[in-house]
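Biologist: Could you take me through one part of this model slowly, as if I were seeing a sheet of strands for the first time? I would like to know how the strands are ordered and what sits on them.

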Amino acid sequence: MFYPIRALHKLLILITLSSVSFGVAAAQSQPTEVEFQQWLQTFKLKAIAAGVSPKTVNHAFAHIHLNRKVLQLDRYQPEFSQTFWGYLNRAVTPWRILQGRHLYQQHRQLLDQVARQYGVPGPFLVAFWGLETNYGRYTGNINTIEALATLSFDFRRSQFFQTELIEALKILDRGDIPFEEMKGSWAGAVGQSQFMPSNVLRYAVDGDGDGKIDLWHSLADVFYSMGNFLNQLGWHKGENWGREVKLPANFDLSLADGKSQKPLSEWARMGLRLADGRPLPQTEPQAALLLPSDYRGPFFLVYPNFYVIKRWNNSNNYALAVGYLADRIVGGPPLSVQRPKDDKALNKQQMQAIQSHLLQLGYPVGQADGIAGNKTRSAIRQYQQQHHLPADGQPTLRLLKHLQQTKDKTHDSP
Ligand code: CA
């Protein structure tokens, strides 16, 4: 279909008006397929105005529906928060380590080429690949245009997803992948590296030189694209991501904030050693100390590349899992501590109970919202210091019990 400019202009005004009313309708009640199709008609013009060919837009939008499963997944809020151990044991399984070693050997030549070009060693690329799609085994089977259109129509993060939807349409326009094969996660991430469409356009590379960028089927395209992406995110060539370390007795745990950078010589002077007891290497860059679980460990010194990994996915657990899996792929040892038997995720009520006990005892947690943010962690640390507990700032069931006992004592005293 071809839209004359004047009609386009009129319809663009209509888009602005209608997106307001759809947003409100969506907020108040379940959105309907009819509303979705009406919204699509107006969004078509926006996409064409942004430079996508009418042919691509018409073909793609003729075949999609409001995807309720996507809405459901977007609204899903887990009952339990996840512990570091819970996350790590699911992300870095024995199978994934073995498979990673095998695939690293199998694709060694290609991975070495990518490492030479972008400075990112092969084991890291394999680790990202393993975490994102289980080495390409699960790239997601939701039509990407349908997922992004559903999330764009929804009021929650409409603007972000509209941008991604237009980028996804531009990828179709380029002819690298047909509409029917463009599938991925419910949130619009695509291919074996799970790039969002805007990152595909910005960072993906034709690694095998066939003139197309195919992140679904071409491993060369996948590895070159990941290498380029990490390089652009600021990967420090020749540097590691971090290391597991041991702390001396009575170490001030508040220094394990994952942020404050010190030279390794300074950490060594404070008594830190590698997990196996050897001294810290003196050749490595500045590092921060990170405690992802509780005072029983593990502890990590993390280097600038740790934060580059977090630019891919802003989660300490994710970045630790990538670094640890990359180490294991090249024969690195398992962590020096094991998951404690009492390591259990807290549910929201338990988290809120910790916060409201702290509030009632006069510690500044902000709001009892059930989310363990920085304020809550620093209030926990204050409480632990005053009660001569290891000040790891971690919300745990043991802490909840301790708080309850303290509160009971406060009430009992005259
Ligand atoms: Ca290619």
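**A close look at the open sheet**

Modeller: Happy to! Keep in mind that this is a predicted model. The part to look at is an open sheet of four strands, and reading across, the order is β4-β3-β6-β5, with antiparallel pairing. At the edges you will find β4 (273-274) and β5 (288-290), each of which pairs on one side only.

Now move inward to β3, residues 242-246, and β6, residues 299-302. These two strands run antiparallel and are joined by four bridges. You can follow the pairing residue by residue: Gly242 stands opposite Val302 of β6, while Glu244 has Phe300 in β6 as its bridge partner.

Next, look at the other neighbour of β6. Three bridges join β5 to β6, and this pair also runs antiparallel. Here Ala288 has Val302 in β6 as its bridge partner. That brings us back to a residue we have already met, since Val302 is the one opposite Gly242.

Finally, what about the two faces of β6: are they covered or open? Both are covered. Phe299 and Leu301 lie on one side, Phe300 and Val302 lie on the other, and all of them are buried. So as you turn the model, try finding Phe300, the bridge partner of Glu244, and then Val302, the bridge partner of Ala288; these two buried residues sit on one side of β6, with Phe299 and Leu301 on the other.

Methods: Residues are numbered from 1 along each chain as its sequence is written. This is a predicted model: local features need pLDDT of at least 70, side-chain atom pairs count only at pLDDT 80 or more; totals for chains, interfaces and linings use all residues. Side-chain values use heavy atoms; hydrogens and water are left out. Two strands pair if DSSP finds at least two bridges between them. Buried means under 20% relative accessible area, exposed over 50%, partly exposed in between (1.4 Å probe, protein chains only).
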